[in-house]
Amino acid sequence: FVNALLSKFIATIITYPIQVLQTRHRAGIIIKQNEDKDDNFDGETKQSTTRNIGYRLAGMYRGLESKLLQTCLNSAIMFVVYERLVDILTSLMSR
């Protein structure tokens, strides 16, 4: 239980800012830098920046507490259920 909880905790801390940027980009919060009518922007060449409303590093971790509660507990419980099922099925198969 603790191993699953700890591993998911570390993984969520590392990947959470990426998820936040993806969500903001899909929601249209990210704006294009140097957007002109003459420039052609595509997905590979456009430079994205966040609006200047506090979305710096600290803003990337806003809402992390609820995400940790959701994902870490889910992962730990799923791991415990998986291990119990493996034990039960192993004992049934050995009979």
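Okay, let's start with helix α3: it has 30 residues and runs 42 Å from its first C-alpha to its last, close to the 44 Å you'd expect at 1.5 Å a residue. One caveat before I go on: what you're looking at is a predicted model.

Quick overview, then. The protein chain has three helices and two strands, and if you read along the sequence the pattern goes α-β-β-α-α. There are 95 residues in the chain, and buried ones make up 17% of them. The accessible surface is about 7700 Å², with 58% of that belonging to carbon and sulfur atoms. As for contacts, take those with a separation of 6 or more: 61% of them are between residues 24 or more positions apart.

Back to α3. Which of its residues are buried? That would be Leu64, Leu68, Thr71, Cys72, Ser75 and Ala76. Here's a bit of textbook that helps when you look at that list: an α-helix has 3.6 residues a turn, so residues three or four places apart point the same way. And what covers those buried residues? The cover includes α1.

Now the core. The largest nonpolar core has six residues: Tyr16, Val20, Met60, Leu64, Leu68 and Cys72. The elements giving two or more residues to this core are α1, which is residues 2-27, and α3. The largest share, three residues, is from α3. In general, nonpolar side chains in soluble globular proteins tend to be buried together.

Let me zoom in on a few residues where α1 and α3 come up. Leucine 64 first. Skipping residues up to four places away in sequence, Leu64 touches Thr12, Ile13 and Tyr16.

Let's pick up Thr12 from that list. Threonine 12 sits in helix α1. Is threonine 12 buried or exposed? Its relative accessible area is 6%, and the cut-off for buried is under 20%, so threonine 12 counts as buried. Setting aside neighbours within four places in sequence, threonine 12 is in contact with Leu64, Lys67, Leu68 and Thr71. With Thr71 you can put a number on the backbone too: the C-alpha atoms of threonine 12 and threonine 71 are 7.9 Å apart, while the two residues are 59 residues apart along the chain.

Next, phenylalanine 9, which is also in helix α1. This one is partly exposed, at a relative accessible area of 37%. Which residues does phenylalanine 9 contact, leaving aside neighbours within four places in sequence? Leu68 and Cys72. Both Leu68 and Cys72 belong to that six-residue core. There's a C-alpha distance here as well: phenylalanine 9 and lysine 67 are separated by 9.7 Å, and they're 58 residues apart along the chain.

Last stop is the outside. There's a nonpolar surface patch of about 960 Å², made by Phe1, Val2, Leu69, Leu73, Ile77, Val81, Leu85, Ile88, Leu89 and Leu92. Where does the largest share of the patch come from? Helix α3 again, residues 64-93, with eight residues. Take Leu92 as one of them: leucine 92 is in α3, and it's partly exposed, with a relative accessible area of 49%.

So, to wrap up on α3: this helix gives the largest share of the largest nonpolar core, and it also gives the largest share of the nonpolar patch. Have a look at both on the structure, and then let's discuss.

Methods: Residues are numbered from 1 along each chain as its sequence is written. This is a predicted model: local features need pLDDT of at least 70, side-chain atom pairs count only at pLDDT 80 or more; totals for chains, interfaces and linings use all residues. Side-chain values use heavy atoms; hydrogens and water are left out. Patches are made of residues with over 30% relative accessible area and no salt bridge: like charges are joined within 9 Å, nonpolar side chains (Val, Leu, Ile, Met, Phe, Trp, Tyr) within 5 Å. Accessible areas come from the Shrake-Rupley method with a 1.4 Å probe; for residues, only the protein chains shown count as cover. A salt bridge is a side-chain nitrogen of Lys or Arg within 4 Å of a carboxyl oxygen of Asp or Glu. Helices (H or I, at least four residues) and strands (E, at least two) are DSSP runs, numbered from the N terminus. Buried means under 20% relative accessible area, exposed over 50%, partly exposed in between (1.4 Å probe, protein chains only). A nonpolar core is a set of buried Ala, Val, Leu, Ile, Met, Phe, Trp, Tyr and Cys residues joined through side-chain atoms within 4.5 Å. Contact means heavy atoms within 4.5 Å. The expected span of a helix is 1.5 Å times one less than its number of residues.
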